Amino acid sequence: MSEQTSILDKKRPDGSADILLDAQDVKVHFPIKRGVIFDRTVGYVYAVDGMTLQINRGETYGLVGESGCGKSTFGRALLRLEEPTAGTVAFDGTDLSSLKGETLRKQRRNMQMVFQDPLSSLDPRQTVEALLLEGMRAHGLTKDKTAAHARLRELLSAVGLPEAALKKYPHEFSGGQRQRIGIARALSVDPQLIVADEPVSALDVSVQAQVINLLEDVQEQFGLTYLVIAHDLAVVRHISDRVGVMYLGALVEEADADDLYAMPLHPYTRALMSAVPIPDPQVEDRRERIILAGDLPSPAAPPNGCRFHTRCPWRQETKCDTERPQLREVRIEGVPATHRVACHFAEEIQSGALQPHSVTPTIVDPDADRPRPDIVEDGAPGADPFPDARPPGV
Amino acid sequence: MSAAAYEPEVRAGDSLLSVRDLVVEFGGKGRPTFRAVDGVSFDVGPGQTIGLVGESGCGKSVTSLAIMGLLPARGNKVAGSATFDGTDLLTLDQREMSDRRGRDIAMIFQDPLSSLNPVVPIGVQVAEVMQRHQGLKKAQAMQESRLLLDRVGIPDPARRLKEYPHQLSGGMRQRALIAMALACKPRLLIADEPTTALDVTIQAQILEVLRELVVDSGTALIMITHDLGVVAGLCDEVNVMYAGRIVESASRHEIFARPEHPYTHGLLGSIPRLDGTRAGALHAIPGSVADNIPWTGGCAFAPRCTNATAICREQSPALEADPTGIPDHLLRCHHPILPGTDSTHE
């Protein structure tokens, strides 16, 4: 154990800057192709559209958002598993986008990933031993056989699996144990950053807690930095130091976990939090829900201006649909500078100067790859908040 | 309620569906049988919502499939009774059952895409139910279908009627499925993880539709879910299932305020909460369902239980009234976590 942490320490430049990962204006656009003979590009899916975030060494950054918001694509783009269309990602001072071939491969040792579905991310024909050794071999960490095997044992004990697990195959384990193997594999090459994409969402509730606790334990033990990508706000709040909320390819709010959950400022964050069921009937009975109208717009045809304006109960006619808000500090009593929000009217909403109005849901085609000119929407103030759910004739 | 063994009182005119000692066994020639549901009993009345809660493999979905008569004809054995409005559903033959399904009892499933026919427009699929059960003409059924889609909150229903399931988003598909379930104004709706595949903001919309349905039309609702948060906001009564049996049953306020079964207690302790303080490590339940022992030889949960003693591995606990005398709080445990004796969780 102590041996491994010391290797890690040596790699760290002394007194280095706090920022381990620095992503600037990252964009990932996927082309939409049409045509039988000629592949014409007829449009783009704007999966990630201008993400800027920094992750400090040793912290856990939680990225939350609903499906289709681009959070997974962003995680993959950070590790260059997905080629970013624009923007830069600097890891420990090195610009990853400038790296190629062997240098990029070597750099990968420092950045590992834990996937959502442990069964499909583990080769069914490899034993746990082979799975764990493969990455280590690729990075030349198995030259000393005894040291490599000591390392294997250490990994297994770190993730709470018996040594006998080495000779078994992935199908012989339960979901929670498989996720432990996935974590051990990520740890095997002694990385600095682990990107965990929905690490617990495929697991049962009681097992989720075990894996969350494990992630926290190994972070302390190996001095890791995490980017945890998840849709479950409660999980993210529990595990993260800082949290970023994503909507349609970009951050809408970013803050220390406690600040964000104490005072969500962006209308989307508010709605998201009010929608999460809380296992306490007394809280459930008296809380006010902001129920958003309609679905997430298609990332192939994102709305102009603020991405959220089509569903926002606080939307204003002045600039929400024309001017895209950037992450900014707000002038609100008691809100620290680290709490940033991409909303034109965050102050007015917080002070109550702006009141929510009703929103007519717009039609969203899940695989729309073209803008729909026939979308009409208007917010009639004073109407009931759920206009389409009334029985006919009421 | 001080009786030792659990004998649910039959409240006259109160219960719409009354399930008694439901047992479902799977297995075939030469293979050992597996008891997925083991003596489950519960009641649900009009306008009432009851929750069946548990983790994967606890038998909650099999319970609902057995009630609906949707289990495959071969390879399983169903025993017990499910009395709906005076008729035992389990004794009906295929034809009688399909007359009831969709008319009196409807069900919505977790994955709306695989529950909808991909090559039929959703309007037609909704209309079909009314043509089959209410003998409506096609045009009339389509008209009703439009109203239903409107009622469950699908924008621009006239156009959506003609669209196919793949053209709808996940939330809209689930709404379409609910519209189908509501088509004949069923008296009982069984919702099997209806929001698990959806995002939280969409989940909130769907739960709102279900809530209104129960309040406005007095439909009885059986909510099957693994999410205790959903249960806390929706169900009047909660049944927690583990390894095929109900281990704790109480009103929602009671069960969340005083979870007495170590499993329920553990489940609540292992969920990170959005409100309250961010305390250190979560109180995970050790092990996994693979560690269970069969109910016949003791308590299935014993290997994972912090309160377990020798008796838990030898004697199967019965579902009994709460030892502190709280009415309608039932418990299957030798060593419940009672107020004041709390040793595992703060």
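This passage walks through a predicted model of two protein chains, A and B. Residues are numbered from 1 along each chain as its sequence is written, while chains are lettered from A and ligands numbered from 1 in the order in which they are written. Because the model is predicted, local features need pLDDT of at least 70 and side-chain atom pairs count only at pLDDT 80 or more, whereas totals for chains, interfaces and linings use all residues.

How much trust does the predictor put in the complex? It gives an ipTM of 0.81 and a pTM of 0.83. For chain B, the average pLDDT (the predictor's confidence in each residue, from 0 to 100) is 87, and 93% of the residues score at least 70. Two stretches of chain B do worse. Residues 1-12 stay under 50, and the model has 15 contacts for them beyond four places in sequence; a contact here means that the C-beta atoms of two residues, placed from the backbone, lie within 7 Å. Residues 342-346 of chain B are also below 50, with nine contacts beyond near neighbours in sequence. Where pLDDT is low, the predicted coordinates should not be read in detail.

Now for chain A. It holds twelve helices and twelve strands, these being DSSP runs numbered from the N terminus (H or I, at least four residues, for helices; E, at least two, for strands). Of its 394 residues, 46% are buried, which takes 20 or more other C-beta atoms within 10 Å of a residue's own (12 or fewer is exposed, in between is partly exposed, and C-beta atoms are placed from the backbone). Four strands of chain A make an open antiparallel sheet in the order 2-1-4-5, where strands pair if DSSP finds at least two bridges between them. Strand 2 (40-56) and strand 5 (94-95) of chain A sit at the edges with a single partner strand each, so one side of each has no neighbour in the sheet. Strand 1 (residues 19-34) of chain A is joined to strand 2 by 13 bridges, and A:A23 has A:L53 as its bridge partner in strand 2. Across strand 1, strand 2 and strand 4 (86-91) of chain A lies helix 2 (residues 71-78), at about 115° to strand 1; axes are lines fitted to C-alpha atoms, for helices over the stretch in contact, and angles run from 0 to 180 degrees between N-to-C directions.

Chain B, too, has twelve helices and twelve strands. Its radius of gyration, taken over C-alpha atoms, is 21 Å. The globule rule (2.2 Å times the number of residues to the power 0.38) gives 20 Å for 346 residues, so chain B is as compact as a globular protein of that length. Eight strands of chain B form an open sheet with mixed pairing, in the order 6-7-8-3-9-10-12-11. Within chain B, strand 3 (residues 49-53) and strand 9 (residues 237-242) pair in the parallel sense over four bridges, and B:V53 stands opposite B:V240. Helix 7 (residues 170-182) of chain B lies across strand 6 and strand 7, at about 175° to strand 6.

Finally, where do the chains meet? The contact takes 52 residues from chain B and 50 residues from chain A. Helix 8 of chain B gives the most to the chain B side, with ten residues.
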